[in-house]
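Dear colleague,

I am handing over the structure we spoke about, and below it you will find my notes on what turned up when I went through it. Please read them with the model open beside you.

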Amino acid sequence: MTNSSQVFFFSFTAYINSWGLTYLYFTVILILYAFIVFSNVLLIVVICSNRSLHEPMYMFLCSLFVNELYGSSGLFPFLLVQILSNVHIISAPLCFLQVFMVHSYGAVEFLNLAVVSYDRYLAICYPLQYNNKMTPKKIAVLIAVAWLYPLIIVSYIMPLLLVKLCGNQINKVYCDVHSVVKLACTERAITNIFGLTATFSTILVSLLLILYTYIKILVVCFSGSKQTRQKALNTCTPHLASILNFSFAGSFEISQSRFNMSFLPNFLRIFLSLYFLTAQPLFNPLMYGLKMSKIRNACKTLVLNVNQ
């Protein structure tokens with residue numbers, strides 16, 4: 001394999017011997033994927049069909065849940081096929097499709113979380129001006145930017161993968177940019193610099209906005225009434241949990257891509273790598289659905305109406 005035109009498939013080397021548990025792993029992964037699809041679709045339907053939830057915060061959460069479906073669809077169908085396969089290979093076009101979906105999912109997730117934090121900042125710090133500041137046009141613009149900017153950035157990264165390759169073995173259970181770039185025969189400095197710049201520009205901008213908004217929210221909470229603190233606690237707790245959860249998962253994934261993590265057991269590296277793509281789609285619907293009373297009550301009403 002000396003030229004990218006000759007690489008028709010990639011081989012995954014991180015899959016471990018299942019010792020006869022193939023169908024158990026397949027069933028567990030399938031149940032997880034079914035739960036992710038059901039829970040996220042349920043919340044999207046609840047928000048879209050319930051007029052009382054047609055508020056900015058819930059529109060942003062709806063965008064977040066759509067991204068969970070998008071990201072999980074970039075992993076689980078591929079993973080289910082690989083689990084049942086005796087030879088863990090993927091065609092080059094499907095590998096590049098997975099690279100695009102995985103990386104754009106991560107970027108969209110961070111920007112969506114930043115948008116939600118900005119919305120909470122306006123609602124808590126400027127409650128009287130909130131409706132004037134958060135107009136339907138502004139909502140549409142923020143959601144569009146949260147999706148279009150990452151898709152455009154990742155689209156510019158993808159052509160960098162079309163280089164001369166000196167191998168086709170990926171030491172992971174799915175395709176990502178750095179795993180493919182490491183197979184390049186030529187100097188990778190430009191590709192690495194562009195990839196790091198694109199990654200950290202998205203993450204850094206998002207985290208700085210989140211940090212700024214929460215500093216302002218904390219200031220208002222400490223100087224405000226008990227009612228203000230309770231409102232902030234109810235709406236910000238699931239959001240903060242989501243940010244911390246995804247930041248941990250993203251930090252490990254970036255570290256594993258850039259540094260040698262061979263000192264960790266292979267099973268742990270696989271688990272933490274998959275955690276990046278499964279934690280948010282799995283936990284976000286639970287955190288927001290259970291913690292936020294309006295969504296929880298709307299879900300109960302929908303279920304009761306279906307049963308009648």
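Ala241 is partly exposed, with a relative accessible area of 31%, and this residue belongs to helix H9, which runs over residues 226–258. Please keep in mind here, and for everything that follows, that the model is a predicted one. Between Ala241 and Asn266 there are 27 Å in space, taken from C-alpha to C-alpha, for a separation of 25 residues in sequence.

Helix H9 also holds Asn245, which, in contrast to the partly exposed Ala241, is buried, its relative accessible area being 13%. Once the neighbours within four places in sequence are set aside, the contacts of Asn245 are with Tyr275, Ala279, Gln280 and Phe283. For one of these partners, Phe283, the C-alpha atom lies 9.2 Å from that of Asn245, although the two residues are 38 places apart along the chain.

A further long-range pair involves Phe35, a residue of helix H1 (residues 22–49). Phe35 has a relative accessibility of 33% and therefore counts as partly exposed, and, again leaving out neighbours within four places in sequence, it is in contact with Leu282 and Leu286. The C-alpha atoms of Phe35 and Leu282 are 7.7 Å apart, while 247 residues separate the two in sequence.

Turning to the helix packing, which way do H2 and H4 run relative to each other? Helix H2 (residues 56–73) packs against H4 at an angle of about 165 degrees, with 9 Å between the axes, and since angles over 145 degrees count as roughly antiparallel, that is how the two helices are described. Their crossing is left-handed. On the H2 side the contact includes Pro56, Met57, Phe60, Leu61 and Leu64, and on the H4 side the residues met include Phe100, Met101, Tyr105, Val108 and Leu113. Charged residues take part as well, among them Glu68 in H2 and Glu109, Asp119 and Arg120 in H4. By class, the residues of this contact comprise 13 nonpolar, six polar and four charged.

Helix H2 also packs against helix H10 (residues 266–291), where the axes come within 9 Å and cross at roughly 155 degrees. H2 and H10 are therefore roughly antiparallel to each other too, and this crossing is likewise left-handed. The contact joins Leu61, Leu64, Phe65, Glu68 and Ser72 of H2 to Gln280, Pro281, Asn284, Pro285 and Tyr288 of H10, and its residues divide into six nonpolar, three polar and one charged. You will notice that Leu61, Leu64 and Glu68 of H2 appear in the contact with H4 and again in the contact with H10, and that Gln280 of H10, which meets H2, is also listed among the contacts of Asn245.

The cysteines deserve a separate look. How many disulfides does the model contain? With a cut-off of 2.5 Å between sulfur atoms, the count comes to one, and the pair in question is Cys95 and Cys175, whose sulfur atoms are 2.1 Å apart. The torsion about their S-S bond is about -120 degrees, so the disulfide is left-handed. This bond links distant parts of the chain, 80 residues apart, with Cys95 in helix H4 (residues 92–125) and Cys175 in the loop between strand E3 (169–170) and helix H7 (177–181). Cys95 and Cys175 are both buried.

Cys62, on the other hand, takes part in no disulfide, the nearest cysteine sulfur being that of Cys48 at a distance of 4.0 Å. Cys62 is buried, with a relative accessible area of 10%. For Cys125 the closest cysteine sulfur is in Cys221, and because the distance is 7.7 Å, the two are too far apart for a bond. Cys125 is itself buried, at a relative accessible area of 17%.

With best wishes

Terms used. Residues are numbered from 1 along each chain as its sequence is written. This is a predicted model: local features need pLDDT of at least 70, side-chain atom pairs count only at pLDDT 80 or more; totals for chains, interfaces and linings use all residues. Side-chain values use heavy atoms; hydrogens and water are left out. Helices (H or I, at least four residues) and strands (E, at least two) are DSSP runs, numbered from the N terminus. Buried means under 20% relative accessible area, exposed over 50%, partly exposed in between (1.4 Å probe, protein chains only). Axes are lines fitted to C-alpha atoms, for helices over the stretch in contact, and angles run from 0 to 180 degrees between N-to-C directions. Angles under 35 degrees count as roughly parallel, over 145 as roughly antiparallel, 65 to 115 as roughly perpendicular and the rest as oblique. A crossing is left-handed if the near helix is turned anticlockwise from the far one by less than a right angle, and right-handed if clockwise. Contact means heavy atoms within 4.5 Å. Ala, Val, Leu, Ile, Met, Phe, Trp, Tyr, Cys and Pro count as nonpolar, Asp, Glu, Lys and Arg as charged, and the others, Gly among them, as polar.
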